[in-house]
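Colleague: Could you walk me through how to read a model like this one? I would like to begin with the backbone and then go on to the ligand.

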Amino acid sequence: MAPILSGKRIMLGISGGIAAYKSVTLASRLTQANAMVDVIMTHSAAKFVAPVTFQAITQRSVATDTFEFWHDAGRLRIGHVALAHAADLFVIAPATAHTIARLALGLSDDLLSITALSYKGPMLLAPAMETNMWTHPATMRNVEILQDWGVDFVGPAEGRLASGEVGEGRVAEPEEIFEEACKVIGRGGPLDGLRVVITAGGTREPIDPVRFVGNHSTGKMGAALARAARDLGAETVLVHAPLAVHPPGGITLVPVHTAQQMHTAVMEELSKTDVLIGAAAVADYRPTDSSDYKLKKSPQQQVISLERTPDILHEVGSQREKSGPGPKLVIGFAAETNDLEANAVAKLKGKNLDLVVLNDVSAPDSGFAVDTNRVTLFERGGNREAWPLMSKDEVAQAIMQRVVVRLGRLDWKRSMGNSQDNLPTD
Ligand code: PMT
C-alpha cells in the first residue's frame, strides 16, 4: 500500500500510442492505492483503448472532448480544466513526441494540452516513441524545456518498440511510473531536504565463485523503509545486498554483495547522511580464504575458517562518540531468537544507537522473508514500545513517523503541490 496516494487527486493524461494499454494497469494501481484518478484521453489514445475501460477501472468519468461537462461532487463542471486545478499530480503516460512538443510550445489545441497548460502543480511524463523520435534534437530540446520548468520524467526504457525495432523509447512499466508518482507527490513532505540511507538484504560472503555464507534476508523490510522515507520527501539511498524483491523506484540504489562492500558504501555516504537505518542482515563472519576456483568435493571433511567482518553500525556509533555528531539519527535492527530484550538493549548501547527495532526472528510471522513483522522499539533514554503485528510497509511507515517526530518535523508544512482547497468555485 502507498498511503501517500490515499485521497489524492491524480489527473492521468493518455496520449495516442500503443503503450496506452499499459496505462490501464497504471490507472488500476493508482485507484487501488485509494487515489481519485481522472483520466483525459486524446482522440488518438481513444483509438488504442476505449475510454470505457478507464471509466470502469477508475469508477470516474473519462474525458476526451474540450467542451465535455464533468460531474464532480454533485456539480457540473466544464471540462477537466477546473479539475486540473484541484489535482495533486498530473501524470501523462504514455507521452508521445507530439504531446511533449505541444506541452513545450504551450499549445492548447485539445483537452489534454489545455488542461496541462492551465495546471500549475507537479507533472510527471512517461515518454513512449520510436528511438529516432526520442533521440531527435527537437524532442531532446522539448524535454529539456519541460525539465527546466520542473516537469519530471520517468523512462523511456530500452526494449522492443511497436515497430518491432529494439531501442530506447519504450514506455516505463506501470509499476515504475506508480513508484515515481509516489516520489513526486511525496516531495516537500516532512523529510524534505534530508538524506536517509538504509541498508537492506543479506550479505553474501564468498567461499568460492559459486558458494557463499549467507542468511534468509530478502530485503523486504529495508525496501519498505526506503519506500516510506521516499514518500515523506527524503532523498533516499538503499545500500543493498542481493534482494528477493523489487526495490522501490525514485531512490538511489547502491548494490553490494559482502559486508565489506556494504561497509565501504555506507562509509562513503556517511558525511552526507542525516538518518542511517541498518535493516540489512550483515554477516558477522566471512570465510578467511575465498577460493578463486570452484572447490571440488572430496571424501575428506572440509572445515571453513571464518574471520570477523566490519561491524558497520558499531563503527558509525563510535565515530559519533569520538569525532562529532555524524548522522542526526542512527537506527539499528536486532534480529533475535532468545533473550530478546537483553540483546536489543545491548545493541542499542554497544553500537551507540538512537533506536533499536527488535524483531523476534524465531516467530513464524516476524523477521526474515515474511511480509509481516512484530517489533519492539528501544529508544536511547529508556523508552520502550511493543507494536502489534503489522505488514512490513506499516512497520516501515511507523518507524519513519518516529523519525519525523525525533527530528522535530511533525508540524512540517508541505512546500509544494496543489490541494483540493484550490478547486475553483466558478
Ligand atoms: O529482509 P527481510 O527478509 O525483510 O528480513 C528483515 C530482517 C529480519 C533482516 C530485518 O528486520 C532485521 O532484523 N535486520 C537486522 C538483522 C541483523 O543482522 O541483526 P543483528 O542483530 O545481527 O545486527 C544488529 C544491527 O547491526 C543491524 O542493524 C545490522 O544491520 C547491523 N550490523 C550487524 C552486523 C554488522 N557486521 N554490521 C552491522 O551494521
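Modeller: Happy to. Helices and strands here are DSSP runs, numbered from the N terminus: a helix needs at least four residues, a strand at least two. Keep in mind that this is a predicted model.

Colleague: Thanks. Where does Asn 34 lie in that scheme?

Modeller: Asn 34 belongs to the loop between α1 (22–32) and β2 (36–41). Its phi is near 70°, a positive value in a residue other than glycine.

Colleague: How should I read a positive phi or a cis peptide bond in general?

Modeller: Most residues other than glycine have a negative phi, and most peptide bonds are trans.

Colleague: Which loop holds Asp 339?

Modeller: Asp 339 is in the loop between β19 and α13 (340–350). Asp 339 also has a positive phi, of about 45°, although it is not a glycine.

Colleague: Why does Asp 339 count as exposed?

Modeller: Exposed means over 50% relative accessible area, and partly exposed covers the range from there down to 20%. Asp 339 counts as exposed because its relative accessibility is 54%. Asn 34, at 43%, therefore counts as partly exposed.

Colleague: And the cis bonds: which residues does the one with omega about -5° join?

Modeller: That cis peptide bond joins Ala 93 and Pro 94, and Pro 94 is found in strand β6 (residues 89–95). Another cis peptide bond, with omega about 5°, joins Gly 155 and Pro 156. Pro 156 has its place in the loop between β8 (152–153) and β9 (157–160).

Colleague: On to the ligand. Where does the ligand sit?

Modeller: The ligand sits in the largest pocket. There are 30 residues around the ligand, and Ser 217, Thr 218, Gly 278, Lys 347 and Asn 359 come nearest.

Colleague: Which elements supply at least two residues each to that shell?

Modeller: They are α10 (220–231), α12 (312–323) and β19 (329–336). The largest share, five residues, comes from β19. By class, the shell divides into 14 nonpolar, nine polar and seven charged residues.

Colleague: What lies 2.6 Å from a polar backbone atom of Gly 278?

Modeller: An oxygen atom of the ligand does. For a polar contact, look for a pair of N or O atoms within 3.5 Å. A backbone N or O atom of Phe 333 is 2.9 Å from an oxygen atom of the ligand, and a side-chain N or O atom of Lys 351 is 2.8 Å from an oxygen atom of the ligand. On its own the ligand has 770 Å² of accessible area, and the protein covers 96% of that.

Terms used
Residues are numbered from 1 along each chain as its sequence is written. This is a predicted model: local features need pLDDT of at least 70, side-chain atom pairs count only at pLDDT 80 or more; totals for chains, interfaces and linings use all residues. Side-chain values use heavy atoms; hydrogens and water are left out. A residue is near a molecule or strand if one of its heavy atoms lies within 4 Å of it. A polar contact is a pair of N or O atoms within 3.5 Å; within protein, one must be able to donate a hydrogen and the other to accept it, and residues adjacent in sequence count only if both atoms are side-chain atoms. Accessible areas come from the Shrake-Rupley method with a 1.4 Å probe; for residues, only the protein chains shown count as cover. On a 1 Å grid over the protein atoms alone, a cavity is a set of points where a 1.4 Å probe fits but cannot get out, and a pocket is an open set with protein on both sides within 12 Å along at least five of seven lines; lining residues have an atom within 4 Å of a point. A molecule sits in a cavity or pocket if more than half of its atoms lie within 2 Å of its grid points. Ala, Val, Leu, Ile, Met, Phe, Trp, Tyr, Cys and Pro count as nonpolar, Asp, Glu, Lys and Arg as charged, and the others, Gly among them, as polar. Buried means under 20% relative accessible area, exposed over 50%, partly exposed in between (1.4 Å probe, protein chains only).
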